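Please open the structure in your viewer and keep the selection tool at hand. The tour proceeds by selections, each followed by a description of what is there.

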Amino acid sequence: MKKRRILGSALLSFVLGISMFATVAFGQQTTSQETYRVLIQGPASEKAKAKTSLGVRWDFESKGFTTTVNAHQYQALLNNKNLTIEILPELQFISKTELAAKPGGTAGSVPSDQTPWGIQAIYNDPAIAKTSGGSGIRVAVLDTGVNVSHADLTSNVEQCKDFSQSKTSLVEGSCSDGNGHGTHVSGTVLANGGSNGQGIYGVAPEAKLWSYKVLNNRGSGYSDDIAAAIRKAADEATRTGSHVIISMSLGSSVKDSLISSAVDYAYSKGVLVVAAAGNDGPTGNTIGYPGALENVVAVAALENIIENGTYRVADFSSRGNPSTDGDYVIKERDVEVSAPGRAIESTWKDGGYNTISGTSMATPHVSGLAAKIWAGNPSWSNLQLRSELQNRAMNNDIKGGSGSATGDDYSSGFGFPRAQ
């Protein structure tokens, strides 16, 4: 296969709860201090030489292996006609003003609402005081880590792994969150109110958290680390015999082969994969990856209109493919379901609470609901669980708002699945 060097710059948008943008320049003048994360493919003998010379971060076997190289090493790889080299992008988020986090609280503080509007909405109960469910289910949250000491989360943390370190591919027992985003989405999935019962509640407070830190404290992450974490969660599901849900409040406008392959692998192992649709709406065909993949449940963001129980798709929420409206079939680049995503209060890195908006906030509502449903139906497969989410969504169709229409549509998908 002939190698091709990519020239110019690529603008990739990464969606956490807040929009992420990154510019990666290839083919420009380099210095020896610059480094690149690369995927190396080619004949086994040539790959073996490269592995010995450069070291291996992740070995994806038939997909190749990844490593970090400096500019001189990168140029040498390009000169090897037997190898194909692909630079893996690093993505950095920049928050949009309307999606930016508000100042957080401090440890020992109390939330403004123990069951925020999103929890009340997904339980279809405005008077709910606490939540329940999720026992026996593991939710692997791939994000910026978690504050393992947060009162509302600490008893639920079962695994803690860091895939984001530059010098070491995997650090066991480490998932410190210096950003806050990972702690926030984890809380929406399974916060349990704390030992004193005065904290905040997530959708499935009896579920266990596998916190896989794939983004550093700046919100940056490489696709190979994310792919490796997806595969690890799938392997852990097999090893432990557990039902596992992977929740990813992240994404890119570009389809990545390593992540796509990892998602297919996890899905084949019985894992349900849930991911954010993106924050690039309201235009159609703006859904990001991995949410856009066929084996991923893509989640759009809803907002509450004047707190009256009427919901519509938020303007920032990415839309799917308009040409597939009404077919009730999930294909690539389709939104599947929608959930609360604007002004969502949850746990924060400082031990307190914070309010953020985005499809990142909608995603853990669905992940938590999936955990609650699966706990009540442990004999179900991931396919049956996904079908149940779709059925519940169809029973609560979302009408109105930019791009919304009756039935399966490209902005809200099948609708809003609920616990009741």
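**The pair α7 and α8**

Select helix α7 (residues 359–376) and helix α8 (residues 382–394), whose crossing is right-handed. A crossing is called right-handed if the near helix is turned clockwise from the far one by less than a right angle, and left-handed if anticlockwise. Helices here are DSSP runs of H or I with at least four residues, strands are runs of E with at least two, and both are numbered from the N terminus. The model is a predicted one, in which local features need pLDDT of at least 70 and side-chain atom pairs count only at pLDDT 80 or more, while totals for chains, interfaces and linings use all residues. Residues are numbered from 1 along each chain as its sequence is written, and side-chain values use heavy atoms, with hydrogens and water left out.

Two packed helices are described by the angle between their axes and the distance between the axes. For α7 and α8 the angle is about 115° and the axes are 10 Å apart. Axes are lines fitted to C-alpha atoms, for helices over the stretch in contact, and angles run from 0 to 180 degrees between N-to-C directions.

Now show the side chains at this contact (heavy atoms within 4.5 Å). On α7, choose V366, L369, A370, I373 and W374; they meet N382, L385, E388, L389 and R392 of α8. By class, this contact has 7 nonpolar, 1 polar and 2 charged residues. Ala, Val, Leu, Ile, Met, Phe, Trp, Tyr, Cys and Pro count as nonpolar, Asp, Glu, Lys and Arg as charged, and the others, Gly among them, as polar.

**The open sheet with β4 and β6**

Next, select the 4 strands that form an open sheet in the order β4-β5-β3-β6, with antiparallel pairing. Strands β4 (58–59) and β6 (84–88) stand at the edges with a single partner strand each, so one side of each has no neighbour in the sheet. Two strands pair if DSSP finds at least two bridges between them. Between β4 and β5 (residues 65–70) there are 2 bridges, and D59 has F65 in β5 as its bridge partner.

Add helix α1 (residues 44–54), which packs on the sheet and touches β3 (35–41), β4 and β5; its direction makes about 50° with that of β5. Then add helix α2 (residues 71–78), which lies across β3, β5 and β6 and runs at about 125° to β5.

**Strand β11**

Select strand β11 (residues 208–213). How many of its 6 residues are buried? The number is 5, and the strand is thus mostly covered. Buried means under 20% relative accessible area, exposed means over 50%, and partly exposed lies in between (1.4 Å probe, protein chains only).

Now show the partners of β11. Strand β8 (residues 137–143) pairs with β11 in the parallel sense over 6 bridges, and strand β9 (residues 157–162) runs parallel to β11 and is joined to it by 5 bridges. At K213 of β11, look for D143 as a bridge partner and for D162 as another.

**Loops with unusual backbone**

Move to the loop between β14 (272–276) and β15 (297–305), where P282 is placed. The peptide bond from G281 to P282 is cis, with omega near 5°. P290 is found in the loop between β14 and β15 as well, and the bond from Y289 to P290 is cis, with omega near 10°.

Then select the loop between β16 (310–313) and β17 (337–340), which holds Y328. Although Y328 is not a glycine, its phi is positive, at about 50°; the residue is partly exposed, with a relative accessible area of 38%. R333 is also placed in the loop between β16 and β17. Its phi is near 75°, a positive value in a residue other than glycine.

**Aromatic pairs**

Finally, display the aromatic rings, which form 7 pairs in the structure. Rings of Phe, Tyr and Trp (its six-membered ring) pair if their centres lie within 6.5 Å; planes under 30 degrees apart count as stacked, over 60 as edge-to-face and the rest as tilted. Y311 and F416 form an edge-to-face pair, 5.7 Å centre to centre with 90° between the planes. Y311 lies in β16 and F416 in the segment after α8, so the pair ties together parts that are 105 residues apart in sequence. Both residues, Y311 and F416, are buried. Select also W58, F163, W210 and Y212, which ring pairs link into a cluster.
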